[in-house]
Amino acid sequence: MKKILTLVALMALGACSGQQTNEQTEPVNIDSLGKAKLTEVRPADAMPSYPSKGQSIERTFAHQPPLIPHKADYPITLKKNGCMSCHSSDKAKRMKATPIFSKHLKADNSLDDHFYNCNQCHVPQADNKTELVGNEFSR
């Protein structure tokens with residue numbers, strides 16, 4: 001009985017081997033939210049480039065939160081803030097990172113809950129080759 005079950009399992013595994021063909025497929029018409037047909041296939045946007053270490057963009061107005069000179073894809077969950085692995089006051093010097101602003105900390109040197117979500121105010125600085133959001137502002 002054990003041999004039969006093993007044989008059946010191997011046959012099922014062989015039938016579902018996941019082999020793919022190299023055929024080119026036609027673009028699929030997809031309905032957008034505005035009910036327009038999306039059929040255009042375009043190349044991906046150029047990757048953004050981040051500044052060299054030690055360089056930063058000058059702030060453009062008073063009390064502007066500093067921009068982040070690297071990707072900001074670190075996990076921020078209720079149990080762990082990924083930014084603090086480099087920017088906490090005890091690790092920043094060793095990691096050659098900017099320490100967190102002292103007003104963001106509680107008396108026990110832990111991160112204040114009001115400032116837990118760093119990405120709410122701080123955004124990555126990057127030189128994007130294409131416009132991310134259209135802008136038609138004029139004075």
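1. Let's start with a residue on the outside. H63 is exposed, with a relative accessible area of 78%. Look for H63 in the loop between β2 (37-38) and α2 (84-87). Its backbone deserves a glance too: phi of H63 is near 65°, which is a positive value in a residue other than glycine. Keep in mind throughout that this is a predicted model.

2. A second residue to set beside it is N109. Here phi is near 70°, again a positive value in a residue that isn't glycine. N109 belongs to the segment after α3 (92-95). Is N109 buried, exposed or partly exposed? With a relative accessible area of 46%, N109 counts as partly exposed, because the cut-off for exposed is over 50%.

3. Now for the overall layout. The protein chain has three helices and two strands, and reading along the sequence you meet them in the pattern α-β-β-α-α. Of the chain's 139 residues, 11% count as buried. The surface that the chain exposes comes to about 13,000 Å², with carbon and sulfur atoms supplying 57% of that area. As for contacts with a separation of 6 or more, 45% of them are between residues 24 or more positions apart.

4. H104 is worth a stop. Like N109, H104 sits in the segment after α3. H104 is buried, with a relative accessible area of 17%. And which residues does H104 touch, once you set aside those up to four places away in sequence? They are S110, L111, D112, F115 and H122.

5. On to the cysteines. How many disulfides are there? The count comes to zero. C86 is in no disulfide, and the nearest cysteine sulfur to its own, that of C83, is 8.8 Å away. For C118, the nearest cysteine sulfur is also that of C83, at 3.9 Å, and C118 is in no disulfide either. Why doesn't C118 pair with C83 by this rule? A disulfide needs the two sulfur atoms within 2.5 Å, so a distance of 3.9 Å does not qualify. As for cover, C86 is partly exposed, with a relative accessible area of 24%, while C118 is buried at 13%.

6. Next, the largest pocket. Its volume is about 1,200 Å³, and 36 residues line it. If you want to find its centre, the lining residues that lie nearest to it are L67, I68, P69, H87 and T98. What gives the most to the lining? That is α2, with four residues. By type, the lining divides into 19 nonpolar, 14 polar and three charged residues.

7. Last, a look at K80. You'll find K80 in the loop between β2 and α2, the loop that also holds H63. K80 is exposed, with a relative accessible area of 52%; that value counts as exposed because the cut-off is over 50%. Leaving aside neighbours within four places in sequence, K80 is in contact with P75 and Y116. Y116 is 36 residues away from K80 along the chain, and the C-alpha atoms of the two are separated by 9.4 Å.

Key. Residues are numbered from 1 along each chain as its sequence is written. This is a predicted model: local features need pLDDT of at least 70, side-chain atom pairs count only at pLDDT 80 or more; totals for chains, interfaces and linings use all residues. Side-chain values use heavy atoms; hydrogens and water are left out. Buried means under 20% relative accessible area, exposed over 50%, partly exposed in between (1.4 Å probe, protein chains only). Contact means heavy atoms within 4.5 Å. Accessible areas come from the Shrake-Rupley method with a 1.4 Å probe; for residues, only the protein chains shown count as cover. On a 1 Å grid over the protein atoms alone, a cavity is a set of points where a 1.4 Å probe fits but cannot get out, and a pocket is an open set with protein on both sides within 12 Å along at least five of seven lines; lining residues have an atom within 4 Å of a point. Grid points are joined across faces, edges and corners, and a volume is the space filled by probe spheres set on the points. Ala, Val, Leu, Ile, Met, Phe, Trp, Tyr, Cys and Pro count as nonpolar, Asp, Glu, Lys and Arg as charged, and the others, Gly among them, as polar.
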